[in-house]
Structures are given as C-alpha cells and as structure tokens.
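Biologist: Please choose a single part of this model and look at it closely, explaining how it is placed relative to the rest of the chain. A first-year student should be able to follow each step.

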Amino acid sequence: MMIMIRSIIRPEKADAVLAALMDAGFPSVTKYAVAGRGKQRGIKIGDITYDELPKVMLMSVVQEHDKQFVIDTIMNTARSTGKGAFGDGKIFITEVDESYTISSGIKDSAAEEILEASEEVPA
C-alpha cells in the first residue's frame, strides 16, 4: 500500500526538509507555496493582525513501511527548536488507492507488484 504524506511547514525550513528527505532516499516531493493559520489564529504585531501566514506544503507518496521514517524525518527537521513551537506545521497522512505514471500509462501499483515479484525470485 502507498501512503501520501502532506506536511505544512515554515518556509524557512523547506530546504532543510527537502535535503533531509533526499539524503534519506526519498527524493520525490511536490512543493507548494500556501498560506493559512492554525490554532494560534495568525499573528498580531502591534495593531496589525496577519490572519494567514505563508507556509510551504510538501507532498510525497511512500510505501507504507517507510511512513514512520519519513514522518520522523520531516518532524525532526521542521521543528523550530528541539521542543517545537507554535506554527511549526502539521502532517497529514492518507492512503493512496491508485496512481498512474502519465508518460507510460502504467498503473503504479501494477509496476510495484512486478518489482516486488522480481525481488522474490531466487538468484
């Protein structure tokens, strides 16, 4: 089974998270510039309230057995301090039923089954 991991993080942490994922062997990531707010409801500086703050969303699809490793990599890299702080972000996990590679038209789950079967063949 494949898992989609969407993480919303501080923009200044995006490059470090992307590098950590690449170093860990997970180079496939889609990056979006987004804006939003969490429980803190934005930020007030003087008389001005910034209702939505700039964030970055990273989206990656991984095998289920890699899910916790990727989540830990993102969390450990995206935290502002060792303990974390408001606004560090959020991670959302969903199952991926199907995916297709546009260039080949191959259903990715079928390609994974072929790859797994070839790995099981004794040498």
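Modeller: Helices and strands here are DSSP runs, of at least four residues for a helix and at least two for a strand, and they are numbered from the N terminus. Counted in this way, the chain has 3 helices and 6 strands. Along the sequence they follow the pattern β-α-β-β-β-β-α-β-α. The model is predicted. Of its 123 residues, 28% count as buried. Among contacts between residues at least 6 apart in sequence, 71% join residues at least 24 apart.

The part chosen for a close look is helix α1, together with the loop that leads into it. Helix α1 spans residues 14–23. Which of its residues are buried? In α1, these are A14, V17, A20 and L21. They lie on the same side of α1 because they cover an arc of only 130 degrees around the axis. A general rule helps in reading such a pattern: an α-helix has 3.6 residues a turn, so residues three or four places apart point the same way. The other side of α1 carries exposed residues, namely D15, M22 and D23. After the helix comes G25, whose phi is positive, near 95 degrees.

What covers the buried residues of α1? The covering elements include β1, β2 (30–36), β5 and α2. One residue of α2 shows how the two helices meet. T73 is placed in helix α2, and at 15% relative accessibility T73 counts as buried. Leaving aside neighbours within four places in sequence, T73 is in contact with A20 and L21. The C-alpha atoms of T73 and V17 are separated by 7.7 Å, although these two residues are 56 places apart along the chain.

The buried side of α1 also leads to the largest nonpolar core. In soluble globular proteins, nonpolar side chains tend to be buried together. This core holds 14 residues, and those that touch the most other members are I5, I9, V17, L21, V62, V70 and I74. Each of β1 (2–9), α1, β5 and α2 (67–78) supplies at least two residues of the core. The most is given by α2, with 4 residues. Of the well-connected members, I5 has contacts beyond its sequence neighbours that include L58, V62, V70, I74 and F92.

The loop between β1 and α1 holds R10, and this residue takes part in charged pairs. Side chains of opposite charge can pair when their charged atoms come close. R10 forms a salt bridge with E12, with the closest N and O atoms 3.9 Å apart. E12 counts as exposed because its relative accessible area is 55%. R10 also meets D88 in a salt bridge, at 2.8 Å from N to O. This pair links distant parts of the chain, since D88 lies in the loop between α2 and β6 (89–96) and is 78 residues away from R10. D88 counts as buried, with a relative accessibility of 11%.

Elsewhere, E98 and K107 form a salt bridge with their closest N and O atoms 3.3 Å apart. By sharing partners, salt bridges join R10, E12 and D88 into one network. In total, the count for the model is 4 salt bridges.

K55 is a residue that touches R10 but stays outside such pairs. It is located in strand β5, which covers residues 53–63. Why does K55 have no salt bridge? A salt bridge needs a nitrogen and a carboxyl oxygen within 4 Å, whereas the nearest side chain of opposite charge, D88, is 6.8 Å from the buried K55. A polar atom of the K55 side chain does, however, lie 2.5 Å from the backbone oxygen of G87. Other contacts of K55 include I8, I9, P11 and Y32.

S60 is also found in strand β5. This residue is buried, with a relative accessible area of 8%. A polar atom of its side chain lies 2.9 Å from the backbone oxygen of S28. Beyond its sequence neighbours, S60 is in contact with I3, M4, I5, S28 and V29.

To return to the helix itself: α1 has A14, V17, A20 and L21 buried, and D15, M22 and D23 exposed on its other side.

Conventions:
Residues numbered from 1 in each chain as written. Predicted model: local features only at pLDDT ≥ 70, side-chain atom pairs only at ≥ 80, totals over all residues. Heavy atoms only, no water. Buried < 20%, exposed > 50% of the residue type's maximum accessible area, 1.4 Å probe, protein only. Lys, Arg positive; Asp, Glu negative; His and termini not counted. Polar contact = N/O pair within 3.5 Å; in protein donor to acceptor, adjacent residues only side chain to side chain. Contact = heavy atoms within 4.5 Å. Core = buried A, V, L, I, M, F, W, Y, C linked by side-chain atoms within 4.5 Å. Arc of directions from axis to C-beta.
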